[in-house]
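Below is a set of short questions and answers for a first-year student. Look at the sequence and the structure first, then read on.

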Amino acid sequence: IVLFSVKLGWLPNDGNETIGAHLTGLAFIADRLAHLVLPALALASFFVAVYARLVRTSMLEVQRQDFMRTAHAKGLSPFLIQLRHALRNALIPVTTVAGMHLGNLLGGAVVVETLFGWPGMGRLALEAVLARAFSVLLGVLLLSSLLVIVANVLIDLLHAWLDPRIGEA
């Protein structure tokens, strides 16, 4: 916030839209995206490093396997080998870790929404705790739990698509 909003003045520092601007069309979308950049960077910056390292490690492990040498011997293009064979197999551990990090991401949303003045479930949960509105808090927790369950089901389906042997079991 200090660097990009205060010192450089490139991005807005709080809220999810410019108050009183009454924008429409592409100007409205550009305004919303400008307000989204800093919260998204704050929420994703930790995870980017984790996933980059995990993808690198998985790709190096997949590169050493026999089916990669077979794909090279068949004369496939290096780009297709990396995309269809290596990356597809390397994404399985990455998607598993992404499913486990979803709860952390929702927890971090509380801090980010409060810091950047965004209305959201995390901020609603914090306000419900402070106001002792336990029914609202239970609703937020129920919805968050359902989101995590749905995301884990989608990740399981993605695993079955990435590796057809998983769907056979």
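**Helix α4 and what follows**

Helix α4 is followed by Gly117, whose phi is positive, near 70°. The model discussed here is predicted.

Q: Where is the kink in α4 centred?
A: A straight helix of 39 residues would span 57 Å at 1.5 Å a residue. Between its end C-alpha atoms, α4 spans only 44 Å. The helix has a kink of about 40°, and the residue at its centre is Leu87.

Q: Which residue that is not a glycine has a positive phi of about 55°?
A: Most residues other than glycine have a negative phi. The residue asked for lies in the loop between α5 and α6 (134-162). With a positive phi of about 55° although it is not a glycine, it is Arg132.

Q: Is Arg132 buried or exposed?
A: A residue counts as exposed when its relative accessible area is over 50%. For Arg132 the relative accessible area is 65%, so this residue is exposed.

**Salt bridges**

Q: How many salt bridges does the structure hold?
A: Side chains of opposite charge can pair when their charged atoms come close. One such pair is Arg69 with Asp66, and another is Glu127 with Arg123. The number of salt bridges in the structure is 2.

Q: How far apart are the closest N and O atoms of Arg69 and Asp66?
A: Both residues lie in helix α3 (residues 66-73), 3 residues apart, about one turn of the helix. Residues three or four places apart in an α-helix point the same way, because there are 3.6 residues a turn. In the salt bridge between Arg69 and Asp66, the closest N and O atoms are apart by 2.2 Å.

Q: Which is the relative accessible area of Asp66, and which is that of Arg69?
A: The cut-off for exposed is over 50%, and partly exposed runs from there down to 20%. Asp66 is exposed, with a relative accessible area of 53%. Arg69 is partly exposed, and its relative accessible area is 49%.

Q: What separates Glu127 and Arg123 along helix α5?
A: Glu127 forms a salt bridge with Arg123, with the closest N and O atoms 3.5 Å apart. Glu127 counts as partly exposed at 43% relative accessibility, and Arg123 counts as partly exposed at 28%. The two are 4 residues apart in helix α5 (residues 121-130), so what separates them is about one helical turn.

**Pocket and cavity**

Q: Which helix gives the largest share of the lining of the largest pocket?
A: The largest pocket holds about 160 Å³ of space. Among the residues lining this pocket are Arg84, His85, Arg88, Asn89 and Ile92. The largest share of the lining, 5 residues, comes from helix α4.

Q: How many residues in the lining of the largest pocket are charged?
A: Asp, Glu, Lys and Arg count as charged. The lining includes Arg84, Arg88, Asp163 and Arg165. Beside 3 nonpolar and 3 polar residues, the number of charged ones is 4.

Q: Which helix gives the most to the lining of the largest cavity?
A: The structure holds 1 cavity of 30 Å³ or more, and about 30 Å³ of space lies in the largest cavity. Its lining includes His35, Leu38 and Pro39, and divides into 5 nonpolar, 3 polar and 1 charged residues. The helix that gives the most to this lining, with 3 residues, is α2.

Definitions and conventions
Residues numbered from 1 in each chain as written. Predicted model: local features only at pLDDT ≥ 70, side-chain atom pairs only at ≥ 80, totals over all residues. Heavy atoms only, no water. 1 Å grid on protein atoms, 1.4 Å probe; cavity = no way out; pocket = protein on both sides within 12 Å on 5 of 7 lines; lining within 4 Å. Points joined across faces, edges and corners; volume = space filled by probe spheres on them. Salt bridge = Lys/Arg side-chain N within 4 Å of Asp/Glu carboxyl O. Buried < 20%, exposed > 50% of the residue type's maximum accessible area, 1.4 Å probe, protein only. Expected span 1.5 Å × (residues − 1). Bend = angle between axes of the 7 residues up to and from the residue.
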